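This report describes selected helices and charged pairs of one protein chain. Please consult the sequence and the structure below while reading.

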Amino acid sequence: MAISWKYARWFGAATIAAAALVGTNAAAEDLTLWTLNFDNGGANTALKKVASDFEAANPGTHIQIVQRGVDEHKTALRVAAGSSKGPDIYFSWAGLGLGGEYVKAGLSLPLDKYYTQYKWSDELLPSAAAFADLYPGGKHGVPFTFKGEAIYYNKKLFQKAGITQEPKTYEELLADAEKLKAAGIPAFTFGGSVNWHVMRLMDVLLETKCGADKHDALMAMKTDWTKEPCATDAFTEFAKWTSDYTLKPFMGISNQQSYTLFVAGRAAMMLEGDWLVSQLSGSGVNLDDYGVVPFPTNTNRLYGFAEYNYVSTKSKSPDLAAKFLDYFLSTKVQQDLVGQISSISVNKNVQYANQKPLEAKWLDIFKTYGKVYMNGDQAFPLDVTTEYFRVINDVAAGNIKPADAAKQLQTFISGRT
């Protein structure tokens with residue numbers, strides 16, 4: 001049957017419009033998640049399964065997971081913040097430093113309405129969810145993990161050095177380091193090629209030497225680093241540890257290489273997070289050969305941080321992005337993920353059973369500590385973090401004296417205000 005020109009023109013226009021609409025809907029069902037290529041292979045596998053399960057529960061939806069190394073991921077986010085394109089969801093750390101950089105740059109979408117819609121505050125651990133309120137202009141991000149960092153130690157190397165119990169005070173830890181040194185065993189291994197790895201040692205020493213209140217004031221840049229003797233004391237201790245008690249050379253190796261040296265028995269301790277339990281398990285080592293103990297700062301605070309997933313302002317499908325995050329945070333999914341991404345879930349309704357001894361120890365640690373102090377690169381703004389890294393590296397390399405370190409850091413801080 002012939003179709004008149006008028007109806008043919010209408011039909012063609014309608015077809016084009018319909019095709020455009022289908023294309024729009026298809027695009028709206030696509031999500032891109034930028035995250036890390038985690039050292040723990042089990043976490044990578046688990047995250048991909050969550051995405052595929054969400055796709056199955058939401059036919060027509062496709063989630064593309066883009067994974068990068070830490071530094072490459074940060075670079076990609078900075079580029080996205082300054083462009084018109086970016087992911088729908090991105091991983092970053094919580095706090096005014098790393099996470100705050102992208103919030104300040106306008107990359108993060110406030111999620112207040114989704115917190116209300118999905119009642120996330122009723123489902124999340126308060127300590128993990130609290131980081132969303134650190135930023136001006138609303139709630140930003142939802143917890144991915146809540147991490148604690150502590151000392152993992154090799155029981156056999158402790159025994160070889162004559163160490164019979166875990167250090168409960170900083171003085172006992174120093175004495176243990178001396179025993180290890182006398183036995184020819186480096187106390188710690190760090191990867192100095194990534195600035196944040198050896199930074200952990202400086203962070204815990206600041207907490208130890210300055211105490212909670214002064215440490216927080218220094219990190220908030222409310223106190224002059226040159227007027228707090230504890231800051232110089234901490235840099236002095238840092239120089240001692242990196243000179244006398246750390247496996248060398250460490251400035252040219254990565255955190256992953258440092259881990260390999262640890263499981264090879266080349267050093268007695270690592271300052272790592274609860275995620276290392278899964279990493280050790282994935283490496284096939286005997287978990288009974290290792291113990292974990294919080295770094296004894298004498299402040300009754302745990303060293304740790306939160307990792308968050310943020311919805312990007314570049315997303316064309318923020319509702320779908322929020323729906324995926326709600327799925328990820330749900331009790332059922334979080335229950336299934338226990339021990340795969342983190343030993344402790346951010347969902348307060350999750351139950352724990354059949355834990356490995358190291359996982360059970362971490363659960364005890366999280367129950368014991370009600371207060372947390374954050375990593376320096378999350379407490380500081382980005383530019384100060386960069387200077388903090390430089391000063392730390394120069395002290396570790398012997399390029400500047402500990403007495404000059406606080407002065408150089410404060411000079412930079414004072415010059416930016």
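Helix α10 (residues 229–244) has 16 residues, which should span 22 Å at 1.5 Å a residue, and its end C-alpha atoms are indeed 22 Å apart. The expected span is 1.5 Å times one less than the number of residues; helices are DSSP runs of H or I with at least four residues, strands are runs of E with at least two, and both are numbered from the N terminus. The model is predicted: local features need pLDDT of at least 70 and side-chain atom pairs count only at pLDDT 80 or more, while totals for chains, interfaces and linings use all residues. Residues are numbered from 1 along each chain as its sequence is written, and side-chain values use heavy atoms, leaving out hydrogens and water.

Among the buried residues of α10 are Phe 235, Glu 237 and Trp 241. Buried means under 20% relative accessible area, exposed means over 50%, and partly exposed lies in between (1.4 Å probe, protein chains only). The buried residues of α10 pack against α8 (170–182), α9, α17 (382–397) and α18 (402–415), where contact means heavy atoms within 4.5 Å.

Side chains of opposite charge can pair when their charged atoms come close. A salt bridge is a side-chain nitrogen of Lys or Arg within 4 Å of a carboxyl oxygen of Asp or Glu, and by this rule the count is 16. Three of these pairs are listed here.

| Salt bridge | Closest N to O |
|---|---|
| Arg 301 and Glu 207 | 2.8 Å |
| Glu 237 and Lys 240 | 3.4 Å |
| Asp 383 and Arg 416 | 2.8 Å |

Asp 383 lies in helix α17 and Arg 416 in the segment after α18, so this pair ties together parts that are 33 residues apart in sequence. Asp 383 is partly exposed at 31% relative accessible area, and Arg 416 is partly exposed at 35%.

Glu 237 and Lys 240 both belong to α10, three residues apart, about one turn of the helix. Glu 237 is buried, with a relative accessible area of 10%, whereas Lys 240 is partly exposed at 27%.

Arg 301 and Glu 207 are both buried.

Helix α9 also holds Asp 203. Which side chain of opposite charge is nearest to Asp 203? It is Arg 200, 7.2 Å away, and Asp 203 is buried yet has no salt bridge. Lys and Arg count as positive here and Asp and Glu as negative, while His and the chain ends are not counted. Arg 200 is itself linked with Glu 149 and Glu 272 in a network of salt bridges.
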